[in-house]
Amino acid sequence: MRVAENLNAALAALLAREPNLYLLGEDVVDPYGGAFKITRGLSTGFPDRVLSTPISENAVTGLAAGLALSGDLAIVEIMFGDFAALAFDQLLNFASKSVSMYGSRLPMRMVVRCPVGGGRGYGPTHSQSPQKHFVGIPNLALYELSPFHDNLAVFEEMFARAEPCVFFEDKVLYTRRMGAVEPPFSVEVSGGVARVSLGGPPDCVVIAPGGVAHRALAAMRSLLVEEEIAGTLLVPSRLYPFDLPDVFDADVRAARRVFVVEESTAGGTWGAEVAHVVHRRHWGRLALPVTLIHSLGGVIPTAAHLERAALVNESTIHSAIRETIRG
Amino acid sequence: MTRPVTAEPAVFPAEADGPDDADLSLMLMIRAFELKLLDLFGRGLLNGTTHTCLGQEYIPVAMEALLDPGDHVFSNHRGHGHYLARFRDPAGLLAEIMGREGAVCAGVGGSQHIRRDRFLSTGVQGESLPVAAGVALHLKRAEPGRLACVYIGDGTFGEGAVYEAFNIASLWALPLLVVVENNGIAQSTPTSRHLAGSIAGRAAAFGIDHHLVESSDVTEIRRTLDPLVSRVRSRSTPLVVEFVTRRLGPHSKGDDTRPAPAVQALREQDWYARCAAACSGRFPRLDAEARAHIDAVAAEVTARGPSRWEGTRWEGP
Ligand SMILES: Cc1ncc(C[n+]2csc(CCOP(=O)(O)OP(=O)(O)O)c2C)c(N)n1
């Protein structure tokens, strides 16, 4: 099953199960079914709760907060995650704050879905990975689409938090298959984190969100073949608050080298937050500080050859890990 | 075409038998350019996305004659016609869209992020209105008589920034010319499903003059708009000009969910059909010339090497 189908099926199952769930977004109704076709079929099944909105990201996110305030559930689709900037005020100053600023806990069940990332030639305002701008906001949890996490379970978990969540979806994942890794790697999921490993003790641990997991895995495969460097890849579904469950301590102890890969530009990133968590937990055991691997600084160009050179990819990950380990 | 900043009444001869050769050729060139883009996409020769202005070509052609090169133009995602009417540079634009040498913005911006002289486009809806108002504030003091012209679609009236800009432009009497290309649809959503009230009513709410243009006759359009645009300059006051127009192509590429008969009905109202009938003598020749020109541009640009840009460096790890 493709990732897009899994996501679409999860949304359909949630709409069927939760009579008070709304889905709002630009051009989400049939026959268009959203810019990336993730909502295809949903408005036909649930015409009064799947609504195409005007081009009003700020207001629509506020509407979702109003629904949540009234006890309903809401999912907002932002057509391109870049435009979540227009919804930022509602998330930062209202939806997340409301959970606690009135002195008692107010449940706010809403998820803002954001297709993100480059690689499709959409240019500087339609290709960013804005996760880092949302990190560290109290009562705003961040999740990322991953080929290893079933979306129905992820959405159940987000709504169970009863606080606003942002769900980042790397566009390049939509057409990929769920769950697939090829031997000698195998995957298992525990505590919301997918672990892709070779079996034995690794030489390095790579932490990457769902959108760059395939690129990280491709680098680990070439590092294994060309350099005999064995890696374990950890793909968390929840990006923030970030936590590394105890079960992964053994990997970090064995490898003593940890890398974080993310598609965003450097500076104030999610990876820096992960590094902080890993440092606090494992400082004395690490051979060196956590290494962050990003895209180049600067805007994401439109032209394919320039975009390719800017975005983090298999070979930039490969060489960053090789140079760090081999010196 | 350079127009004096002091408002002399211009002479726009009647369009008895269609637009003059220069206007018609420009409209046909824009049409040929957009068709070529869809063709290149269809053949897998273009990367990314693009939004063609098929059906709307006459709007920037009519408007440019009312603008001075010193005026600023803010364009949007559907901006190829705006650019071509201003610069007549299909090679530079195609190179930008294809990421080839000679690209206007080194291939970084692509179809919807272009800056050249006093022309600028960007891809986030509504964002450019306040920016254009800021430029108008600058012009009002630094270059009185000049204006900032901003193109927006009907769907973009969903964005709050539009109204914040309207309010300030009216309050501060800014020379802001808002050209609304109301093509009846935003991506897949018909105007009736995204816009309550009317664009005229929204302008009126802020005390901004509004003029509705239903014609696609560039000469007639200019004749009506010329005094209104002159007033934006001489009185420094905002104006909304709303064109009732038609989007003949998909929103971007291959994503048109409108029923074929509805699109066919729009085609029948298209300026192209009207001009083909009105200028039957010269139309086929000018159309063939425009297509041949664009074919040659496309062949030449496609053969160029990739654009070069030194904008970012690998800084890590
Ligand atoms: C802030 C923002 N939200 C959404 C989009 C995606 N988008 C691009 S064009 C478009 C429709 C615009 O409709 P309209 O303003 O009527 O212009 P048209 O496409 O009809 O020319 C949308 C939703 C965007 N570019 N920016």
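Visitor: In this predicted model, does A:Asp27 count as buried or exposed?

Guide: The relative accessibility of A:Asp27 is 4%, and the cut-off for the buried class is under 20%. Because its value falls within that class, A:Asp27 counts as buried.

Visitor: Where in chain A does A:Asp27 lie, and what is its phi?

Guide: Most residues other than glycine have a negative phi. A:Asp27, which lies in the loop between strand 1 and helix 2 of chain A, is not a glycine and yet has a positive value. Its phi is near 60°.

Visitor: Which residue does a cis peptide bond join to A:Pro31?

Guide: Most peptide bonds are trans. A:Pro31 is found in the loop between strand 1 (21-25) and helix 2 (42-45) of chain A, and the bond in question has an omega of about 5°. The residue joined to A:Pro31 by this cis bond is A:Asp30.

Visitor: What is omega for the peptide bond from A:Pro183 to A:Pro184?

Guide: A:Pro184 is placed in the loop between strand 6 (165-170) and strand 7 (186-190) of chain A. The bond that leads to A:Pro184 from A:Pro183 is cis, and its omega is near 5°.

Visitor: Which annotation covers residues 27-269 of chain B, and how far apart are the end C-alpha atoms of that span?

Guide: An unreviewed UniProt entry annotates these residues as "domain: Dehydrogenase E1 component". In the model the span is 42% helix and 15% strand, and its end C-alpha atoms are separated by 16 Å.

Key. Residues are numbered from 1 along each chain as its sequence is written. Chains are lettered from A and ligands numbered from 1 in the order in which they are written. This is a predicted model: local features need pLDDT of at least 70, side-chain atom pairs count only at pLDDT 80 or more; totals for chains, interfaces and linings use all residues. Side-chain values use heavy atoms; hydrogens and water are left out. Helices (H or I, at least four residues) and strands (E, at least two) are DSSP runs, numbered from the N terminus. Buried means under 20% relative accessible area, exposed over 50%, partly exposed in between (1.4 Å probe, protein chains only). UniProt positions are given in the numbering used here, feature names are shortened, and annotations may be inferred rather than shown by experiment.
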